[in-house]
Amino acid sequence: MKYLNTTHIKQMGIDWSQTIDTIKHAVNVLHKQDVAQPIKPYLRYRESSNRIIAMPAFVGGNINMAGIKWIASFPKNIQKQIPRAHSVTILNDADTGEPLCILNTALVSGIRTASVTGLIIQYYEQLNCLEDVTIGIIGYGPIGQLHLQMVTSILGDRISKVWLYDIAGIKEELIPENIKSRIEIVNNWEEAYLHSDVFITCTVSPNGYIDKKPKDRALLLNISLRDFKPEILNYAPSIIVDDWEEVCRENTDIELMHKQGGLQKEDTISITEIVCNNKMTTLPNDKPVLFNPMGMAIFDVAISTYYYRQSIENKIGTEMDE
């Protein structure tokens, strides 16, 4: 069995075009229903803000792998100068159940998250062309940093400006050199929000606070899930989710929009409809679009499998005896 950690993943690097294509393939496999993915349970104890989530899944197609991600999120870890998230993924041979690989790193989970976002950005271009585009990112921890790397990779010179905001401040040494000249660190979320064509939340906020009108035609990527108030429905009627049953719970913005704003499953569009049924082109192109991904275990298995196979090809990682 192979063992991979953060150092091994960094050795292999991130090819965003490849990781986004991996997510796209997984969405197509989901559309064909060649997956198994039970609703993920949340383990909570003592401090209510802490959680450990079990995410098992099987993905068919060319991925053909089973696995489980066990991810802990302890928001107050940041005050202890340790990472908020800790993640371990185990991959099993889909035909025999044999354990093949342990990935002991939260980096793969972060790459999965940003790659899903990248796929939605690519499909959004069917609705509105992203040229001379402005980006806003609030929350600049590991997930925010990966999102900046991803959008820089897929949009490149088409980015004219990036506004960054983090309530705890931003260390400039964490900003990649190839985008630094187009970065402006701002003093509040409004500065990053009101003028962005693409706006990304990467915070650990427990409750929504964004209720102002966004820029016309903005793509709002609600990655951290608890940043928008239900009033956003007044401005962003087009709601995309990865999975309604997953995302409409656990006090997410979608659950609050459902309970307080009357949002129903049939009012939303799934990621499979975007990728496989060309639904992005049916949305009004003069209104903001809001994407809300709870995080799907099939995507974790898909990205973990990608890195497992890369590690074999590049002879990277540690072989473990039974």
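These are my notes on one helix, a few paired strands and a surface patch in a predicted model.

**Helix α3**

I began with α3, which runs over residues 107-124. Does its length fit the count, and what should the span be? At 1.5 Å a residue, its 18 residues should span 26 Å, and the end C-alpha atoms do lie 26 Å apart, so the two agree. I then looked up its cover: 17 of the 18 residues in α3 are buried.

**Strands around β7**

Next I turned to β7, residues 99-104. Which strands pair with it, and in what sense? I found β1 (residues 2-5) alongside β7 in the parallel sense, with 4 bridges. Looking for a partner of Lys 2, I came to Cys 101 in β7.

I also followed β6, residues 85-93, which pairs with β7 in the antiparallel sense over 5 bridges. Here Ile 90 is set opposite Ile 102 of β7. I kept a general reminder beside this entry: side chains in a regular strand alternate between the two faces of the sheet.

Then I checked the hairpin that β6 and β7 make, where 5 residues lie between the strands. Gly 97 has a positive phi there, near 80°.

**Surface patch**

Which residues form the nonpolar patch on the surface? I noted Leu 43, Tyr 45 and Trp 70, with about 300 Å² of accessible area together. Leu 43 belongs to strand β3, residues 42-43. Is Leu 43 buried, exposed or partly exposed? Its relative accessibility is 38%, so I entered Leu 43 as partly exposed, since that class lies between the 20% and 50% cut-offs.

Terms used
Residues numbered from 1 in each chain as written. Predicted model: local features only at pLDDT ≥ 70, side-chain atom pairs only at ≥ 80, totals over all residues. Heavy atoms only, no water. Helix = DSSP H or I, 4+ residues; strand = E, 2+ residues; numbered from the N terminus. Expected span 1.5 Å × (residues − 1). Buried < 20%, exposed > 50% of the residue type's maximum accessible area, 1.4 Å probe, protein only. Pairing = 2+ DSSP bridges. Patch = residues over 30% accessible without salt bridge, like charges linked within 9 Å, V, L, I, M, F, W, Y side chains within 5 Å. Areas by Shrake-Rupley, 256 points an atom, 1.4 Å probe, with all protein chains shown as cover. Salt bridge = Lys/Arg side-chain N within 4 Å of Asp/Glu carboxyl O.
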